[in-house]
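Open the model in your viewer and keep the selection panel at hand. The stops below are meant to be taken in order.

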Amino acid sequence: MSEHQQADADESTADHTSEKLVELAKRRGYFFQSSGSYGSVGGFYTFGPQGAALKGNVEDAWRDRFALAEGNMEIDAPTIMPEPVFEASGHLDGFDDMLIECPECGTSSRADHLVEDNTKYEDAESLPIPEVEEVIAEYELACPECGAGLADVAVENFNLMFATNIGPGDSQPGYLRPETAQGIFVEFPRLKEYARNQLPFGVTQIGRAYRNEISPRRSIIRTREFTQAELEYFIDPEEDEPDLSAVEDVEVTLYPATEQNDEDGDEIETTIGEAVDNDVIASPWVAYFLGVAKPWYDAVGVDMDRFRFRQHLSGERAHYASDCWDAESEIDGNWIEMAGFAYRGDYDLSKHSEHSGDRFTVFKQYDEPKTVERATVDPDMSYLGPEFGGDAGAVVEELESLAGRDRAAFEDETVAFELEGETHEIPVEKTGFAVEAQTESGEHIIPHVVEPSFGVDRLVYTVLHHAYQEDEVDGEERTYLELEPEVAPTFVGVFPLQNDAELESQADDIVDDLREAGLSVTYDDSGNIGRRYRRQDEVGTPFCVTVDYETVEADETTVTVRERDSTDQTRLPVDELAETLAAIRDGDLEFEDL
Ligand code: GAP
């Protein structure tokens, strides 16, 4: 099943959790549709105060693991780039979805989605357009909005890039980047210098990407503006090996393409080490990053019983990828793609090298200098000039290239070559062709790229969905978000029990202390204490501290600390509070041990 299909199937079968989560997200300030006062437009969401903090914490956790802990660089490139970048990357030509427009009501739909949702075809994205049109006619598919028949309606390719003009007029077209990756690739000639021309090295970027999705849906799962956290890891494919020993024992659920294609196929439980040994994951580098990602997803709060890596089917892969595994999370009984781990080979650097004329290579020094035979040409310009006029320069370039790739072409008395679609023949003696022994200390190679590409919004949605819990406390229904302390937007809520100047002043002091200890704190003095607990439970705040009369009257100043998930309470001395809570946040202490 393609990721699009999964997200959409997800929508059609969404249970109450998603509905309730989206409602909670709006009410508590996680996320909501943007520009509501103007009627909103599909595919754009604003993260409210809680959502922005959660998203920021997830991004920080990603940065810690994939940039800092791995020793990779981080950059921050522009989101608008000039047209030639996307001509080179292939996005202008190939970054399309299949569009069908209802002739009656004008609703635009993804044709492949219509087919996948309503027929036996599971991967319509990989079918050619005429075949999709045939299936629509055969199944007499109708517009999902008004029910009009779509049998004779043409399906068209729709490019997902958002176009703009750079500066006044339209002489310099630009595009909003559809992936942060291109901002890294185009800067490779400089970035390799920062890496001292040594492979392997990695460059990360966390930033916005834009896709003019035909039908954005399911809140922040498919939007038109979203955040990606991407790592482009540049390797020498012949020399560099990952340190698999660091991840070989990581247990993973894998759903390889072979299993998906087999009627009786199923997910397999294995370890990263076994998956490489058994060729289930072809690239050890892809396997390495899957091994790094799995415990990281666990740490930020993805439920590991609802998590797997699924390999792309051959028709599903992007134009640049030779292999790709997605990290998927289960939401309401369906799988959504949270990240892709692609082997991009030398596709991007080769394309940018061809189109820009700049050098997207790294000089690879040999251990020992090598003597190699090189075919060279030194054409006689007094012959080429009169023969080819203004094209003489192009002829020299073609002869140089031909000598490099096909020495045999110079074996006879004349050599034939192509120039602008025409074949020419000239005497070999006029080309200065020679084969010489040269001693070389190294060679320029185009690195290969391994790319872990994370969607931050889908991860935030998953973390919230997997954290969503309902239970009963003191005979009352309760909703709470079981967020990991590492990512929870607020770590502790502080409440004075009642509106009392003495309690409030003590609570203010506690807030200051906790903030000084680097904890994220909220102060709340409105409503009864039960309501305040419920509010923080819904926001997912792991701990609440209540300042009561015992705090201000007893000899030893103590407060009540309540844990969100168990609702257990304990009393702690105020002067130990900040240190104790910070230790819990850092994973050095458990609440149960207090
Ligand atoms: N550089 C590779 C790349 O962009 P992708 O699979 O197209 O690969 C990577 O995107 C991730 O970005 C996806 O796994 C998903 O989490 C996220 N993503 C893609 N399109 C999205 C959309 N329209 N809305 C939200 N997230 C999206």
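The tour goes from a group of paired strands to the ligand and its surroundings.

This is a predicted model, in which local features need pLDDT of at least 70 and side-chain atom pairs count only at pLDDT 80 or more, while totals for chains, interfaces and linings use all residues. Residues are numbered from 1 along each chain as its sequence is written, and side-chain values use heavy atoms, with hydrogens and water left out.

Select strand E5, residues 96-101 (strands are DSSP runs of E, at least two residues, numbered from the N terminus). E5 pairs with strand E7, residues 156-159, in the antiparallel sense over 4 bridges; pairing requires that DSSP finds at least two bridges between two strands. Asp97 has Phe158 of E7 as its bridge partner.

Add strand E6, residues 108-110, which pairs with E5 in the antiparallel sense over 3 bridges. Here Leu99 is bridged to Arg110. The hairpin of E5 and E6 has 6 residues between the strands, and Gly106 takes a positive phi near 80° there.

Now select the ligand and the residues around it (any with a heavy atom within 4 Å). Of these 19 residues, Glu179, Glu213, Thr223, Glu230 and Glu337 come nearest. Strand E16 (334-345) is one of the strands that each supply at least two residues of this shell, and its share, 5 residues, is the largest.

Finally, display the polar contacts (pairs of N or O atoms within 3.5 Å). A side-chain N or O atom of Glu451 is 2.9 Å from a nitrogen atom of the ligand. A polar side-chain atom of Gln228 lies 3.0 Å from a ligand oxygen atom.

Technical notes
Polar contact = N/O pair within 3.5 Å; in protein donor to acceptor, adjacent residues only side chain to side chain.
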